[in-house]
Amino acid sequence: MTPEEFKEALASWATGVTVVATEWEGHRYGLTASSFTSVSLTPPLVLICVDRRAESCEALLRAGSFGVSILALGQEAAAMQMARSGEQKFEGLPFEPGPTLGQPLLRGALAHLECRTFRADDAGDHVLLLGEVHAARTHEGSPLLYARRRFHGLG
Ligand SMILES: Cc1cc2nc3c(=O)[nH]c(=O)nc-3n(C[C@H](O)[C@H](O)[C@H](O)COP(=O)(O)O)c2cc1C
């Protein structure tokens, strides 16, 4: 199997889209992540797989807490902006600190989760970041989906 065959097959897996963000030592870090999934109800755990080369990887590990925004249809531009590198990618986006843990949440998202790092494990060139969810809020709207390297809506 070539890396391209592997990536092409995995691109067929349709997902939602999240923005995972943290503030650490006075700077904001974050990335667009589609590798998000729920893991456990008791305790409430979610998982995100973060590329070790991502600038936000170390900050997410060190900060000890992070916010997850589950994006709504219409937030494609925010998803693309947060998939760039550098702190300026936050510019112009309506982030606000979560009321429970204070980590950045993107306004207009379908749902917000405030997480403390439960555990982090190495997995090849990625880090498995398990978050324990301390607060969750849901808003009206339709989910943003991602498959075959394109954004989609339901239906
Ligand atoms: C739709 C979409 C989904 C993505 N999912 C992930 C993901 O699950 N994990 C990851 O490490 N990078 C993912 N990326 C890539 C990161 O968002 C991108 O590498 C980003 O620039 C990392 O930012 P940083 O270097 O500031 O941390 C995704 C990008 C897009 C557009």
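The questions and answers below deal with a predicted model and its ligand.

Residues are numbered from 1 along each chain as its sequence is written, and side-chain values use heavy atoms, with hydrogens and water left out. In this predicted model, local features need pLDDT of at least 70 and side-chain atom pairs count only at pLDDT 80 or more, while totals for chains, interfaces and linings use all residues.

Visitor: How many residues surround the ligand?
Guide: A residue is near the ligand if one of its heavy atoms lies within 4 Å of it. The closest are Ser35, Asp51, Ser56, Ala83 and Lys89. In total, the number of residues around the ligand is 18.

Visitor: Which residue has a side-chain N or O atom 2.7 Å from an oxygen atom of the ligand?
Guide: A polar contact is a pair of N or O atoms within 3.5 Å. A polar backbone atom of Ser34 is 3.0 Å from a nitrogen atom of the ligand, and one of Ala83 is 2.7 Å from an oxygen atom of the ligand. The side-chain atom at 2.7 Å from a ligand oxygen belongs to Lys89.

Visitor: How much of the ligand's exposed area does the protein bury?
Guide: Accessible areas come from the Shrake-Rupley method with a 1.4 Å probe. Taken alone, the ligand exposes 650 Å². The part of this that the protein buries is 82%.

Visitor: Which element gives the most residues to the shell around the ligand?
Guide: Helices (H or I, at least four residues) and strands (E, at least two) are DSSP runs, numbered from the N terminus. Strand S3 (27-33), strand S5 (45-51) and helix H2 (55-63) each give two or more residues to the shell. With four residues, the element that gives the most is S3.

Visitor: What is the volume of the largest pocket?
Guide: On a 1 Å grid over the protein atoms alone, a pocket is an open set of points where a 1.4 Å probe fits, with protein on both sides within 12 Å along at least five of seven lines. The ligand takes up space in the largest pocket; a molecule sits in a pocket if more than half of its atoms lie within 2 Å of its grid points. A volume is the space filled by probe spheres set on the points, and for the largest pocket this is about 1,400 Å³.

Visitor: Which proline follows a cis peptide bond from Thr42?
Guide: The omega angle of this bond is near -5°. The proline is found in the loop between strand S4 (37-40) and S5. The residue is Pro43.

Terms used. Polar contact = N/O pair within 3.5 Å; in protein donor to acceptor, adjacent residues only side chain to side chain. 1 Å grid on protein atoms, 1.4 Å probe; cavity = no way out; pocket = protein on both sides within 12 Å on 5 of 7 lines; lining within 4 Å.
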